[in-house]
Structures are given as C-alpha cells and as structure tokens.
Amino acid sequence: MMYRDAHVTDVKHMNISIRKRAGIISFVLFFGLLLVLPLLRQLTDHRLMSIFDTFYRVGSLVFGGGHVVLPLIERELVISAEEFLAGYGAAQAVPGPLFTFAGYLGAMINGISGIFVGTIAIFLPSFLLIAGALPFLDEFRKHPSFQAA
C-alpha cells in the first residue's frame, strides 16, 4: 500500500516465447488435474495413480519450502515411520530441493516406476503454473498495483 502511487511508466518488454493460449491451457491443466486426480484415484484404486495424485497435490500446495508439506506427505503415504525418516535424512544430506524426496518415497511404494511418477508429479504443478503465468507477466508488470507489490 505504501508504494501504490510509485509506479514505473517505462516498463521494458519481456520477450516470452510461450503464447497466451498455451498459458491458459497450462492453468486449465493445473486446476483440472487438481480436481480430477482425487476422483480418478478413487475410481481406479491403482498404486501409481495414488502416488501421482498425492505428489501432485503436495506439489500444488508448496509455496516457499518443501518442509511445509512433510506432515501431509507422511499422512498420505503407506510406509513406515522409519522408512520415511530415512528418506528425509537422505534428502537433507544431498544438495538440491527437498522434492527429490518424492523419488525415494515413490520407490518405497512402487519401485522404479514409483520414482518416475513421484518425481514428475511433484514438480509438474510448478511447471504448469510458470507456463501459465509467464505469457501474462508482461501485461501485469504495467499495472501500478502489481509494481507496488
């Protein structure tokens, strides 16, 4: 609120190669998967669908750091506390995002295929949100309220 009147008039154009249509499709996919995956999980009762649904929802809820969703992950997955803590310890010991923990948990549930499904599912929401927002970022940057924020 303090900076709402201090806006920049000559905002430089950003050259973004993602079209607005692709951005809209990304947003629709993001929210569509968020709504449809829990239903598909109940209808199919397939282990990989369960992994994908869990990690997609977790990836959709994280804004800031992966530690926020650790209780959600632990509650959703059917593995022992020892396995969970061993994977968490390993994820803390190596550089990189905590989300690499999804590959470990996927492997504990469903082997090699669980690694790929868990890792893709936890990172997919971020990619969809970025691809959805980027085409519109240039227009938002021109608004004084967006600049103030």
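**Exercise 1. Determine which residues Ala107 contacts, leaving aside its neighbours within four places in sequence.**

Solution. Leaving those neighbours aside, Ala107 is in contact with Gly114 and Ile115, where contact means heavy atoms within 4.5 Å. The model is predicted: local features need pLDDT of at least 70, side-chain atom pairs count only at pLDDT 80 or more, and totals for chains, interfaces and linings use all residues. Residues are numbered from 1 along each chain as its sequence is written, and side-chain values use heavy atoms, with hydrogens and water left out.

Next, place the residue: Ala107 is found in helix 5. Helices (H or I, at least four residues) and strands (E, at least two) are DSSP runs, numbered from the N terminus. Ala107 has a relative accessible area of 27%, so it is partly exposed. Buried means under 20% relative accessible area, exposed over 50%, and partly exposed in between (1.4 Å probe, protein chains only). Finally, consider Gly118, eleven residues from Ala107 along the chain: the two C-alpha atoms are separated by 8.3 Å.

**Exercise 2. Describe the largest cavity and state which residues line it.**

Solution. Begin with the count: the structure holds one cavity of 30 Å³ or more. On a 1 Å grid over the protein atoms alone, a cavity is a set of points where a 1.4 Å probe fits but cannot get out, and lining residues have an atom within 4 Å of a point. The space in the largest cavity is about 30 Å³; such a volume is the space filled by probe spheres set on the points, which are joined across faces, edges and corners.

The lining consists of Gly66, Leu70, Ile73, Leu98, Phe99, Phe101, Ala102 and Ile122. Two or more of these residues come from each of helix 3 (70-76) and helix 5 (101-140). Helix 5 gives the most, with three residues.

To classify the lining, count Ala, Val, Leu, Ile, Met, Phe, Trp, Tyr, Cys and Pro as nonpolar, Asp, Glu, Lys and Arg as charged, and the others, Gly among them, as polar. The result is seven nonpolar residues, one polar and no charged.

**Exercise 3. Identify which members of the largest nonpolar core touch the most other members.**

Solution. A nonpolar core is a set of buried Ala, Val, Leu, Ile, Met, Phe, Trp, Tyr and Cys residues joined through side-chain atoms within 4.5 Å. The largest one has 26 residues, and those touching the most other members are Phe55, Ile73, Phe84, Phe101 and Leu105. Helix 1 (20-44), helix 2 (47-61), helix 3, helix 4 (81-93) and helix 5 each give two or more residues to this core. The largest share, eight residues, comes from helix 5.

Leu105 may then be examined separately. Leaving aside neighbours within four places in sequence, Leu105 is in contact with Phe55, Ile73, Leu77, Ile79 and Phe84.

**Exercise 4. State how many aromatic pairs the whole structure contains, and examine two of them.**

Solution. A search finds six aromatic pairs. Rings of Phe, Tyr and Trp (its six-membered ring) pair if their centres lie within 6.5 Å; planes under 30 degrees apart count as stacked, over 60 as edge-to-face and the rest as tilted.

For Phe30 and Phe31, the ring centres are 4.8 Å apart and the planes lie at 85°, so this pair is edge-to-face. Phe30 is buried at a relative accessible area of 5%, whereas Phe31 is partly exposed at 47%.

Phe84 and Phe101 also form an edge-to-face pair, with 5.1 Å from centre to centre and 70° between the planes. This pair links distant parts of the chain, 17 residues apart: Phe84 is in helix 4 and Phe101 in helix 5. Both Phe84 and Phe101 are buried.

In addition, Phe30, Phe31, Phe52 and Tyr56 form one aromatic cluster.

**Exercise 5. Decide whether Asp45 and Asp53 are each buried or exposed.**

Solution. Asp45 lies in the loop between helix 1 and helix 2. Its relative accessible area is 70%, so Asp45 is exposed. Most residues other than glycine have a negative phi. Asp45, although not a glycine, has a positive phi of about 55°.

Asp53 is found in helix 2 and is buried, with a relative accessible area of 1%. Not counting residues up to four places away in sequence, Asp53 touches Leu37, Pro38 and Arg41.

Terms used:
On a 1 Å grid over the protein atoms alone, a cavity is a set of points where a 1.4 Å probe fits but cannot get out, and a pocket is an open set with protein on both sides within 12 Å along at least five of seven lines; lining residues have an atom within 4 Å of a point.
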